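Biologist: Before we discuss particular residues, could you put the model in front of us, so that we can go through its enclosed space and its surface in turn?

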Amino acid sequence: MDTKNETGKTAPFIAVYPGTFDPITLGHEDVVRRAAQLFDQLIVAVAEGHHKKPLFTLAERVAMVEQSVAKYGNVRVESYGGLMRNFVVKCGAKAMVRGLRAVSDFDYEFQLAGMNRRLMPDVETVFLTPGDQYQFISSSFVREIALLGGKVDEFVAPQVLEQLQKKVKEAGSASGT
């Protein structure tokens with residue numbers, strides 16, 4: 001789905017899927033798979049997440065996302081800080097992908113889409129829902145369950161599980177437990 005750029009030449013239709021991905025879940029991966037089928041290029045934008053106190057460093061999250069989406073030839077991973085608008089404009093994207101798991105997500109995402117439309121009138125927000133088996137998964141739940149010693153292998157890819165177990169072990173030894 002190519003679009004014309006300002007010079008009249010055909011440009012790829014680029015979308016950005018932003019998030020902190022702390023860690024990337026199978027639900028995130030499902031949204032990436034769906035979005036990769038819709039756009040010429042998909043940029044998974046890993047946010048610094050300064051307001052969220054992430055478990056993983058930015059570099060660790062980028063590496064996990066890169067491993068998880070490597071099978072898609074039209075998907076690349078980049079990190080960003082600051083205003084999402086600036087990143088989207090810099091990338092030349094014409095769409096932002098947002099995942100919706102439940103009705104509770106919709107209110108926040110609807111408000112965010114409205115604000116983004118004001119900041120980026122030429123960029124559309126596209127909402128995608130993950131498959132039924134992933135709709136209840138969130139990174140927050142996965143982190144909490146893992147940190148409390150629960151099993152999370154059905155919520156994340158094997159390479160993410162390995163990193164999560166390592167991080168939980170580090171957190172346990174740092175706290176003296």
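Modeller: Helices here are DSSP runs of H or I with at least four residues, numbered from the N terminus. Please keep in mind that this is a predicted model.

Biologist: In which helix does Leu112 lie, and is Leu112 buried or partly exposed?

Modeller: Buried is reserved for residues under 20% relative accessible area, and exposed for those over 50%. Leu112 has a relative accessible area of 23%, so it falls between these cut-offs and counts as partly exposed. As for the helix, Leu112 belongs to H4.

Biologist: What distance separates the C-alpha atoms of Leu112 and Arg98?

Modeller: Along the chain, Leu112 and Arg98 are 14 residues apart. In space, the separation of their C-alpha atoms comes to 9.9 Å.

Biologist: Which residues make the nonpolar surface patch of about 270 Å²?

Modeller: A patch member needs over 30% relative accessible area. Leu119, which lies in helix H4 (residues 103–119), has 35% relative accessibility and therefore counts as partly exposed. The patch is made by Leu119 together with Leu83 and Met115.

Biologist: Which helix gives the largest share of the lining of the largest cavity?

Modeller: The count comes to 1 cavity of 30 Å³ or more, and about 30 Å³ of space lies in the largest cavity. Its lining is formed by Phe56, Glu60, Gln163, Lys166, Lys167 and Glu170, which by class are 1 nonpolar, 1 polar and 4 charged residues. The largest share, 4 residues, comes from the helix spanning residues 158–175, namely H6.

Methods
Residues are numbered from 1 along each chain as its sequence is written. This is a predicted model: local features need pLDDT of at least 70, side-chain atom pairs count only at pLDDT 80 or more; totals for chains, interfaces and linings use all residues. Side-chain values use heavy atoms; hydrogens and water are left out. On a 1 Å grid over the protein atoms alone, a cavity is a set of points where a 1.4 Å probe fits but cannot get out, and a pocket is an open set with protein on both sides within 12 Å along at least five of seven lines; lining residues have an atom within 4 Å of a point. Grid points are joined across faces, edges and corners, and a volume is the space filled by probe spheres set on the points. Helices (H or I, at least four residues) and strands (E, at least two) are DSSP runs, numbered from the N terminus. Ala, Val, Leu, Ile, Met, Phe, Trp, Tyr, Cys and Pro count as nonpolar, Asp, Glu, Lys and Arg as charged, and the others, Gly among them, as polar. Patches are made of residues with over 30% relative accessible area and no salt bridge: like charges are joined within 9 Å, nonpolar side chains (Val, Leu, Ile, Met, Phe, Trp, Tyr) within 5 Å. Accessible areas come from the Shrake-Rupley method with a 1.4 Å probe; for residues, only the protein chains shown count as cover. A salt bridge is a side-chain nitrogen of Lys or Arg within 4 Å of a carboxyl oxygen of Asp or Glu. Buried means under 20% relative accessible area, exposed over 50%, partly exposed in between (1.4 Å probe, protein chains only).
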